[in-house]
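Biologist: I have a few questions about how some labels were assigned here. Please give the value behind each one.

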There are 2 protein chains.
Amino acid sequence: MHVLIIGAAGMVGRRLTAKLLESGMAAGKKITAMTLQDVVTPAYPEGAPFPVVVAKGDVSTPGEAERLIAARPDLIFHLAAVVSGEAEEDFDKGYRINFDGTRFLFDAVRLAGYCPRVVFTSSIAVFGAPFPDVIGDEFFSTPLTSYGTQKAVGELLLADYTRRGIFDGVGIRLPTIVVRPGKPNKAASGFFSNIIREPLAGLPAVLPVSRDVVHWMASPRSAAGFLLHAAEIDGAAIGPRRNLTMPGLAISVGEMIEALGAVAGPERVALIKETPDETIKAIVAGWPRTFDATRAKDLGFVAETSFEDIIRAHIEDEGIVL
Amino acid sequence: MHVLIIGAAGMVGRRLTAKLLESGMAAGKKITAMTLQDVVTPAYPEGAPFPVVVAKGDVSTPGEAERLIAARPDLIFHLAAVVSGEAEEDFDKGYRINFDGTRFLFDAVRLAGYCPRVVFTSSIAVFGAPFPDVIGDEFFSTPLTSYGTQKAVGELLLADYTRRGIFDGVGIRLPTIVVRPGKPNKAASGFFSNIIREPLAGLPAVLPVSRDVVHWMASPRSAAGFLLHAAEIDGAAIGPRRNLTMPGLAISVGEMIEALGAVAGPERVALIKETPDETIKAIVAGWPRTFDATRAKDLGFVAETSFEDIIRAHIEDEGIVL
């Protein structure tokens, strides 16, 4: 089992890599080789029990996808993407990487003439307001960002290429990933992580929205788990509708903060400062809140069901000492 | 008002051209120039009250879209497409014309830096079985053909380019167009037209499915009407969800035949021979049957509400003498 991860240097890619190294298995089979690729060279994993190649490259550069596919990896994780804010600011870059890059990869597999499992990370950004109270598995994709549009196009291609037997694809729409490790960033969604991560590190954090804002979340640990499950799931059980909204937790900011207090105490909660930001409030108001994700749950995808579990996953995975 | 029709030589393109020549108006304005383009040279319309250019070309050829956009047409109808069966048989051709061609056109407008109205013909093929009894305006696009996939991608791009102010797009999902003029063709949907057109011409026709098959139809006259209305409708009234399922008539084959009898008499009905074809039956079983099309109706799109009207439209428009 040769595993290729495109976008291996990102938060989800690194966690997925770690999980695969830990178990030595993917889709129920022993891993015999691994290729880690990204636009920045992924860290070389020391002590891997199988050969690992790390490669720097951009899948939207003509020829790069063919080079990656030449070794005929059995399992391909396509995680590479320009994020939402950047795809909105830079039209060309977003369409080049998220749209052309995905198509180049899919076509490289087509022209190679073999049928690997391809796991593609999509996003709840394929949905656009107005929403029903709970977004069902048959709700339509009317994205309100170029990023969401590019992901929705990737989903359509994935389903068609799978239907035609070109590869065996699974698209997974990730919830917002919380708690993101690292430094606070300027993403409009950053505060969902900041208000937990920073207080746990003894640092202040800014809450720019009201406490009744509800959002759809899962931990980085769950995200890696979704990818591993998507790699091993029986394609026939999925059927032709190959893109699945992943399970998550619909929770309000107020409940997130309560959970922080329950896990880490009121002095951590006191580090959160409410500083309303009308721009962020307006952006967040257009985001989906609650999904039913019945199909994914029925197919065995599992996420946290309490925010305290999400906080504890962060504490364990990042080795935080309170 | 300079009008460009890409795909002008097709059945719908010709009817649209005729309507525009007849009224001399589009989107409430006087037409001052018209460009008719297709992969076969469109017929030059004699006696046009404004200059007409007919052009042979393929919008998926690099540079062709730029050439068409150089004159900055105010209103662009993008009807050019490889049909469903051909896109399924010829992967490269389908993706080249329906996917790349559409993107090339949209990008040519983007790079030209002005904001015309773009009317794009999509299809109910963006939907894939299983279906609810009535397909609502928020049902998702999970096409089961490459043609449907390519149309769904065009819809996504149209909405995103419109949202970004690149152009002012309207996508219209056409029902199956009945009664198609001309000769019987091999399309699986051909019999819906054949069983009306051929008997009206005094010729025999084959019915390959059972009489209880229900399908979603509109006349060629309605299709041209949808395009003209899509050209003039206020973009703000549509909102960001730019792709609309057109109204149509959900009717069974049995009811179609009854209507034929009512309009043209039992001797015409007697020309229909029932010869079940299991392949066609299976294909048709996967097609959508009934839509509510509420959004389009609320926006003023109008279709026939009786199949007798569809037959009479055919008789009038084709100048048939019974």
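Modeller: Bear in mind that this is a predicted model.

Biologist: What makes Arg72(A) count as exposed?

Modeller: A residue is called exposed if 12 or fewer other C-beta atoms lie within 10 Å of its own. Arg72(A) has 12 C-beta neighbours inside 10 Å, so Arg72(A) counts as exposed.

Biologist: And why is Arg72(B) called exposed?

Modeller: Arg72(B) also has 12 C-beta neighbours inside 10 Å, and therefore counts as exposed. The cut-off for exposed is 12 or fewer.

Biologist: Where is Arg72(A) found in chain A?

Modeller: Arg72(A) sits in the loop between α2 (64–69) and β6 (75–78) of chain A. In chain B, Arg72(B) lies in the loop between α2 (64–69) and β6 (75–78).

Biologist: What is the phi of Arg72(A), a residue that is not a glycine?

Modeller: Phi of Arg72(A) is positive, at about 50 degrees. Arg72(B), also a residue other than glycine, has a positive phi near 50 degrees.

Biologist: How do you know whether the peptide bond from Ala129(A) to Pro130(A) is cis or trans?

Modeller: By omega, which is near 0 degrees for the bond from Ala129(A) to Pro130(A); that bond is cis. The peptide bond from Ala129(B) to Pro130(B) has omega near 0 degrees and is cis.

Biologist: Which loop holds Pro130(A)?

Modeller: Pro130(A) is in the loop between β7 (117–123) and α5 (146–163) of chain A. For Pro130(B), the place is the loop between β7 (117–123) and α5 (146–163) of chain B.

Note on methods
Residues are numbered from 1 along each chain as its sequence is written. Chains are lettered from A and ligands numbered from 1 in the order in which they are written. This is a predicted model: local features need pLDDT of at least 70, side-chain atom pairs count only at pLDDT 80 or more; totals for chains, interfaces and linings use all residues. Helices (H or I, at least four residues) and strands (E, at least two) are DSSP runs, numbered from the N terminus. A residue is buried if 20 or more other C-beta atoms lie within 10 Å of its own, exposed if 12 or fewer, and partly exposed in between; C-beta atoms are placed from the backbone.
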